[in-house]
Amino acid sequence: MRTLLGAAPGEATYAQYRTLLRNPSAVEAADLDYKGEQYGRKPDWQVELAKDVAALANASGGTLVLGLYEDRATSIPQQPNPESLTDRLRKKYRETLVLRVEPAVDCEIHFIAEDPDASVPRGLVVISVPPSARGPHAVVGTTDLRDGTLS
């Protein structure tokens, strides 16, 4: 990501992320995943977030970019989908990862705002997942947090 953006994922601007659109070099890979929407729209969003983070941690780390729709045929980002960036959203993501990924993964959750001065900024969520020496990581409670099952 640093090469594509010209900056670390958490330090790049919204304009730098827009350079990924229709860029064949920005194709999804083992260490890069795009999601058109933030997690939270589907009932099982916590499990999906945990699975995506655990998969990256179990590999060599990587980056999840939430808010860029990719072309399903090419896996190249095509269109931005900026959404509200709130402290509540960051808290929900952090709590989910703490409760659902075992052993824990020390992710960084970055908000990349279109207009940082807006009263309620909109933009992208970028989750940086470091490579982990503590793996393999599993997802806890795939059907119910209390069930204790791992996957």
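Here is a short walk through this structure, from the overall fold down to a few notable spots in the backbone.

What you see is a predicted model. The protein chain contains four helices and nine strands, and from start to end they follow the pattern α-α-β-α-β-β-β-β-α-β-β-β-β. The radius of gyration is 15 Å, close to the 15 Å that the globule rule gives for 151 residues, so the chain is as compact as a globular protein of that length. Along its principal axes, the C-alpha trace spans about 40 × 35 × 25 Å.

Now look at how the chain packs. Buried residues account for 44% of the 151 residues. Of the contacts between residues at least 6 apart in sequence, 66% join residues at least 24 apart. On the outside, the accessible surface comes to about 8,100 Å², and carbon and sulfur atoms hold 49% of that surface. The chain carries 17 positive and 21 negative charges, whose mean positions are 3 Å apart.

Next, follow the loops, where two cis peptide bonds can be found. One runs from E102 to P103, with omega near -10°; P103 sits in the loop between β6 (101-102) and β7 (108-113). Another runs from G135 to P136, with omega near 10°, and P136 belongs to the loop between β8 (122-129) and β9 (138-139).

Two further loop residues deserve a look. R22 is not a glycine, yet its phi is positive, at about 60°. You will find R22 in the loop between α2 (14-18) and β1 (32-35), where it is exposed, with a relative accessible area of 56%. S75, also not a glycine, has a positive phi of about 60°, and its loop lies between β3 (68-70) and β4 (77-80).

Terms used. Residues are numbered from 1 along each chain as its sequence is written. This is a predicted model: local features need pLDDT of at least 70, side-chain atom pairs count only at pLDDT 80 or more; totals for chains, interfaces and linings use all residues. Side-chain values use heavy atoms; hydrogens and water are left out. The radius of gyration is taken over C-alpha atoms; the globule rule is 2.2 Å times the number of residues to the power 0.38. Buried means under 20% relative accessible area, exposed over 50%, partly exposed in between (1.4 Å probe, protein chains only). Contact means heavy atoms within 4.5 Å. Accessible areas come from the Shrake-Rupley method with a 1.4 Å probe; for residues, only the protein chains shown count as cover. Lys and Arg count as positive and Asp and Glu as negative; His and the chain ends are not counted. The place of a charge is taken as NZ of Lys, CZ of Arg, CG of Asp or CD of Glu.
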